[in-house]
Amino acid sequence: MPLLVSHRENNTQRIAALDEHAEARGLKRGIGIADARAMHPDVEIVEEAPQADRRLLESLADWCDRYTPLVALEGSDGLFLDITGCVHLFGNEKRMLEDVLARLFQQGFDVRAGLGSNPGMAWAAARFLDRGIVTPGEETGAMAPLPLAALRIEPATRASLESVGLRTVGAIMTAPRAPLVRRFGATLVTRLDQALGRIEEAITPRLPVPPLSVERHLAEPILHTGDVLQLVGMLARTLRGELERRGEGAHALQLALFRVDGMMNRLAVGASRPLRDPLLIEHLFKERLTALEDRIDAGYGFELVRLSVLKASPFALTQTDLAGERNDDDADLALFSDRIRARLGEKALLRPVLAESHLPECAAALAPALHRSAGAGPSLPAPAAGEAERPIRLFARPEPVEVVAAEVPEGPPLRFRWRRAVHRVIRSEGPERIAPEWWREPHETPTRDYFRIEDDGGRRYWLFRQGFYAAETMPRWFMHGIFA
């Protein structure tokens, strides 16, 4: 049964895509769904799903990482693969192209592929040439007989060119350039030069390229976590040599598992300190695999395993004692935190760091407990001599306090009620005035006057008065923290 995919265009349902059976009946893209149904009542029509199509294209891009790390999305139905320096792994360009097409066909995809010296030529070869490979120097002869759509220009520009008799790329090549640019814009000749290799066109990979990667192609797929970890150890040992040569250690690593059926899993771990030891790297991925064991489906097995360094930094060597042991007290703590974060996630261990704010509740934030060398931000310093004392426990949100008596207009409270208990103040220090952050607040916020006070039971509190005493208004009091 012919299958049509419809989409809405100018309040009309039109054909967005169709299969070969529908094409054999004379249907084409852009025809109204009502007209198509009238001509062929037995056609099956489904609504397009752009988000699902995008997810499928991204999953195919992940799968193509087995050929090159430089994979870019091209529109809604294509991929660019920069295979420079990767062809020798597959023999030659023809074998690599045949391997891509054969594997995708086995997964149920009907695809077209082209190979050229530049993205424009490869794009045209995939869509308009029967032969998939255009060698360098053959671009002019290959592009000349092709329709204008091979230049990747706008439909309106293409229609204007066809209206004056320019219907092929060869006609554009022989026409004077100055009139073409004046009438149709510079994009036309730019696209032509890109396809002919006169102007270099770079592709933007969808994912950053790791500085270091090692991989292992498997003759027989593996299914079990233990086999994956054994391969991780082997790859880490290979990676260690390159890291030693560069004088670096790994701060972030990624394990890519390519399944036989085309699916792919990525696992990432981070390290507080630069790592080279294969055993430590294997331990981190063991924790990660254990945490995600229920969510990783091996299917029919993994046929390619790749270990990549996403971030590296200089590796500092430590002195060993006469017994060959390193006196590094932080190493065990760093490894412990790394394994906890690998098992439970980055937010499992947090530490306070400074924030750019003078408001007490905004002056610190919680960040992942990374080592200082990993760029986690400055830790909270100890208060310097002469600085205002801050409470040991600071409330996340100040709690309202009912002041029974206070020294008016600028003095501290004499008695106050907090959490249903009345406290009598016997000592106080202040006020310490903290103005609002006018550049962040959406409206005017009252000024705060903070007091350090002690009640008759020896308990010390941090209270503030919000606003000032006036004839029309009274200030409000809040409890913000408790001292030791």
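**View 1. Glu74 stands opposite Gly78 in a hairpin of this predicted model.** Gly78 belongs to strand 5, which covers residues 78–81. Its partner is strand 4, residues 71–74. The two strands pair in the antiparallel sense over 4 bridges. Together strand 4 and strand 5 form a hairpin, with 3 residues between them. Gly75 sits in the turn and has a positive phi of about 65°. Side chains along strand 5 alternate. Gly78 and Phe80 point to one face and are buried. Leu79 and Leu81 point to the other face and are not buried. In a regular strand, side chains alternate in this way between the two faces of the sheet.

**View 2. Helix 5 is mostly covered.** This helix runs over residues 119–128. Of its 10 residues, 8 are buried. They are Pro119, Gly120, Met121, Ala122, Trp123, Ala124, Ala125 and Ala126. What covers these buried residues? The cover includes strand 4 and strand 5, the two strands of the hairpin in View 1. It also includes helix 6 and helix 10. At the start of helix 5, look for Asn118. A side-chain oxygen of Asn118 reaches to within 3.1 Å of the backbone nitrogen of Gly120.

**View 3. Helix 9 and helix 10 meet at an oblique angle.** Helix 9 spans residues 177–184, and helix 10 spans residues 186–196. Their axes come within 6 Å and cross at roughly 125°. That angle is neither over 145 degrees nor within 65 to 115, so the two helices count as oblique to each other. Helix 9 makes the contact through Arg177, Leu180, Val181 and Phe184. Helix 10 brings Ala186, Leu188, Val189, Leu192 and Asp193. The contact residues divide into 7 nonpolar, no polar and 2 charged.

**View 4. An open sheet of 4 strands has the order 6-9-7-8.** The pairing is antiparallel. Which strands are at the edges? They are strand 6, residues 212–222, and strand 8; each pairs on one side only. From one strand to the next, the twist averages 15°. Strand 6 pairs with strand 9, residues 302–314, in the antiparallel sense over 7 bridges. Within this pair, Arg216 has Val305 of strand 9 as its bridge partner. Helix 11, residues 225–246, packs on the sheet. Helix 11 touches strand 6, strand 7 (248–259), strand 8 and strand 9. The direction of helix 11 makes about 155° with that of strand 6.

**View 5. Ser272 makes polar contacts with Ser337 and Arg341.** Ser272 lies in strand 8, residues 264–275. Strand 8 is an edge strand of the sheet in View 4. Is Ser272 buried or exposed? Ser272 counts as buried because its relative accessibility is 2%, below the 20% limit. The side chain of Ser272 contacts the side chain of Ser337 at 3.4 Å. With the side chain of Arg341, the distance is 3.3 Å.

**View 6. An open sheet of 3 strands has the order 2-1-3.** Its pairing is mixed. Strand 2 (12–18) and strand 3 (44–47) are the edge strands, and each pairs on one side only. The twist averages 45° from one strand to the next. Strand 1, residues 3–9, pairs with strand 3 in the parallel sense over 4 bridges. Here Leu4 has Ile45 of strand 3 as its bridge partner.

**View 7. Arg152 and Arg419 have positive phi values.** Neither residue is a glycine. Phi is near 60° for Arg152 and near 55° for Arg419. Where does Arg152 sit? Arg152 is in the loop between helix 6 (139–143) and helix 7 (155–163). Arg152 counts as buried because its relative accessibility is 15%, under the 20% limit. Arg419 lies in the loop between strand 13 (413–418) and strand 14. Arg419 is exposed because its relative accessible area is 52%, over the 50% limit.

**View 8. A cis peptide bond joins Gly430 and Pro431.** Omega is about 5° at this bond. Pro431 is found in strand 14, residues 421–434. The loop that holds Arg419, shown in View 7, lies between strand 13 and strand 14.

Conventions:
Residues numbered from 1 in each chain as written. Predicted model: local features only at pLDDT ≥ 70, side-chain atom pairs only at ≥ 80, totals over all residues. Heavy atoms only, no water. Buried < 20%, exposed > 50% of the residue type's maximum accessible area, 1.4 Å probe, protein only. Polar contact = N/O pair within 3.5 Å; in protein donor to acceptor, adjacent residues only side chain to side chain. Pairing = 2+ DSSP bridges. Axes fitted to C-alpha atoms, helices over the stretch in contact; angles between N-to-C directions. Contact = heavy atoms within 4.5 Å. Parallel < 35°, antiparallel > 145°, perpendicular 65-115°, else oblique. Nonpolar A, V, L, I, M, F, W, Y, C, P; charged D, E, K, R; others polar.
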